[in-house]
Amino acid sequence: MKAVILLSGGLDSSTVLYQAKADGCDCYAISFDYKQRHRRELESARAIALSAGVKAHQIVNFDLTLWGGSALTDDEMELPIDRSLTEMSQNIPTTYVPARNTIFLSFALAYAETLEADRIYIGVNALDYSGYPDCRLDYIQAMQEVFRLGTKQGREGNAINIVTPLIELKKTEIIQLGNKLGVPWEQTWSCYAGGEKACGVCDSCRLRLAAFEELGLKDPVAYA
């Protein structure tokens, strides 16, 4: 069974890769350099792909800074920092990148069909963070229909399935799952700030740190 795994190098996507391995898949990772503020994550994606022993790891290059529209692709937009978990849950934040998962899934679908793959794994999660519109179940269900209608495999009755192991898990539950699967947390990267060390104050860092703390665990990543 072949699977394409969207791999950012973060906590969630790394757990998903290791879950795909546990599911018995031959894993093909795909990552994206879209000139994001936190391109440091690609270093982690390479390390995780190597640790997991994937069959291949593609890094696709394109430039979303041409349009901006997000604190991750426009240096003039401020990155949200020092927000409480309650504040994070109130509105879609400026770190939302317009149509990012639709773009990512389209690349992954093209790759998967050339491989005659059965599945695409993506680490979307509808809980414990800002509720991006392209991380929710109804979006994934709609994209699954696109996969069925928009590909040769789909029209021939063998649609590539989107697998979302984390979509209804809390961040603490994702860490617990990753611990069982043997995910090397020290190689992962979640920070949005783009420095040499994780900032510890952006939304992604705060969610990650809060989850490790709730579990009574130390996050092995270095923080500024």
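I began with the side chains of Asp219 and Tyr223, which are joined by a polar contact of 2.6 Å. The model is predicted, and I read the distances below as computed values.

I then looked for further partners of Asp219. Its side chain also makes a polar contact with the side chain of Arg208, at 2.7 Å. I located Asp219 in the segment after α8 (203-214). Setting aside neighbours within four places in sequence, I found Asp219 in contact with Arg208, Leu209 and Phe212. I recorded Asp219 as buried, because its relative accessible area is 7% and the cut-off is under 20%.

Next I turned to the annotated site. The unreviewed UniProt entry carries a "binding site" annotation that covers Leu7, Ser8, Gly9, Gly10, Leu11, Asp12, Ser13, Ser14, Thr15, Val16 and Leu17. Of these residues, I noted Leu7, Ser8, Gly10, Leu11, Asp12 and Ser13 in the lining of the largest cavity.

I examined Leu7 in the loop between β1 (2-6) and α1 (11-22). I entered Leu7 as buried, because its relative accessibility is 2%. Beyond neighbours within four places in sequence, Leu7 is in contact with Ser13, Ser14, Leu17, Ala29, Ile30, Ser31, Ala45, Ile48, Ala49 and His57.

I closed with Ser14, which I placed in helix α1. Ser14 is likewise buried, because its relative accessible area is 0%. With neighbours within four places in sequence again left aside, I listed Leu7, Gly9, Ile48, Val183 and Thr188 as the contacts of Ser14. Ile48 thus appears in my entry for Leu7 and in my entry for Ser14.

Terms used
Residues are numbered from 1 along each chain as its sequence is written. This is a predicted model: local features need pLDDT of at least 70, side-chain atom pairs count only at pLDDT 80 or more; totals for chains, interfaces and linings use all residues. Side-chain values use heavy atoms; hydrogens and water are left out. Helices (H or I, at least four residues) and strands (E, at least two) are DSSP runs, numbered from the N terminus. Buried means under 20% relative accessible area, exposed over 50%, partly exposed in between (1.4 Å probe, protein chains only). A polar contact is a pair of N or O atoms within 3.5 Å; within protein, one must be able to donate a hydrogen and the other to accept it, and residues adjacent in sequence count only if both atoms are side-chain atoms. Contact means heavy atoms within 4.5 Å. UniProt positions are given in the numbering used here, feature names are shortened, and annotations may be inferred rather than shown by experiment. On a 1 Å grid over the protein atoms alone, a cavity is a set of points where a 1.4 Å probe fits but cannot get out, and a pocket is an open set with protein on both sides within 12 Å along at least five of seven lines; lining residues have an atom within 4 Å of a point.
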